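Biologist: I would like to go through this model with you, one question at a time. Please give the reasoning before each result.

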Amino acid sequence: SWCSTVKTDADILSLAQQGDQEAALERIRQLGRESPYYLTKVIAGYSDMTPDLHQPICNWLAAEEDRERGLLFPRKYYKSSALKGYVLRCLTLPKGQERRFLFVGENEVVGSKNVADIQWKFRDDKLFQALYPHLIPADRGREWPASSMTLPRSKSYD
């Protein structure tokens, strides 16, 4: 639950105070693997997410057994933030960079905005880069167009 996850922040602080940066980063990675909500809110930085509404949504998105589904909420309920957190979490899992995602919006600008937000995590987010250095392209994605991105992976896909 979210309450038990919050209590682990003391673990991270303690590791950091001991000077064990890698252990602190690994603890944060572990929390991101265990809790889709933690990854979305804390690691991805979507701080407006709330445990009562968004934690169940993040868990539902992470449930891989139901792949054909839709999520309907009014505007400003952070649906896109939850989805971007889901994509980032998938990418951080083993073989995640081999997956492909498509953002569809009411127009190309809306879809590209969501992709640009994910690109920012790889280009400029220092915490994300420290947690997942194996995902960061050597050029930090400086050559990505606004509407797409490709991470280091084992083969080419159509």
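What follows is a set of questions and answers on helix packing, enclosed and open spaces, and aromatic pairs.

Biologist: Before we start, what kind of model is this?

Modeller: Local features are taken up only where pLDDT is at least 70, and side-chain atom pairs only at pLDDT 80 or more. Those limits apply here because the model is predicted.

Biologist: How are the axes of α3 and α4 oriented to each other?

Modeller: Helix α3 covers residues 21-34 and helix α4 covers residues 36-43. Their axes come within 5 Å and cross at roughly 125 degrees. An angle that is neither under 35 degrees, over 145, nor 65 to 115 counts as oblique. α3 is therefore oblique to α4.

Biologist: Which class, nonpolar, polar or charged, has six residues in the contact of α3 with α4?

Modeller: On the α3 side the contact is made by I28, L31, G32 and E34. These meet P36, Y38, L39 and I43 in α4. Sorted by class, one residue is polar, one is charged, and six are nonpolar.

Biologist: Which helix gives the largest share of the lining of the largest cavity?

Modeller: The count comes to one cavity of 30 Å³ or more, and the largest cavity holds about 30 Å³ of space. Its lining consists of P36, T40, C58, A82, G85, Y86 and R89. At least two of these residues come from each of α4 and α6 (79-92). The largest share, four residues, is from α6.

Biologist: How does that lining divide by class?

Modeller: R89 is one of the residues lining the largest cavity, and Arg counts as charged. In full, the lining has one charged, two polar and four nonpolar residues.

Biologist: Which helix gives the most to the lining of the largest pocket?

Modeller: The largest pocket contains about 1,200 Å³ of space and is lined by 29 residues, with K79, S80, L83, F103 and N114 nearest its centre. Two or more lining residues come from each of α5 (51-62), α6 and α7 (108-123). With seven residues, the helix that gives the most is α6.

Biologist: How many charged residues are in the lining of the largest pocket?

Modeller: The class rule takes Asp, Glu, Lys and Arg as charged. K79, one of the residues nearest the centre of the largest pocket, falls in that class. The lining also has 13 nonpolar and five polar residues, and its charged residues number 11.

Biologist: And in the second largest pocket, which helix supplies the largest share of the lining?

Modeller: This pocket has a volume of about 430 Å³. It is lined by 23 residues, and R100, F101, L102, S148 and M149 are the closest to its centre. By class the lining has 10 nonpolar, eight polar and five charged residues. Both α6 and α7 supply at least two residues, and the largest share, five residues, comes from α7.

Biologist: What is the geometry of the F122 and W144 pair?

Modeller: There are five aromatic pairs in the count. The ring centres of F122 and W144 are 6.1 Å apart, with the planes at 85 degrees. F122 lies in helix α7 and W144 in the segment after α8 (126-131), so the pair links distant parts of the chain, 22 residues apart. Planes over 60 degrees apart count as edge-to-face, so this pair is edge-to-face.

Notes. Residues numbered from 1 in each chain as written. Heavy atoms only, no water. Axes fitted to C-alpha atoms, helices over the stretch in contact; angles between N-to-C directions. Contact = heavy atoms within 4.5 Å. 1 Å grid on protein atoms, 1.4 Å probe; cavity = no way out; pocket = protein on both sides within 12 Å on 5 of 7 lines; lining within 4 Å. Points joined across faces, edges and corners; volume = space filled by probe spheres on them. Phe/Tyr/Trp six-rings, centres within 6.5 Å; stacked < 30°, edge-to-face > 60°.
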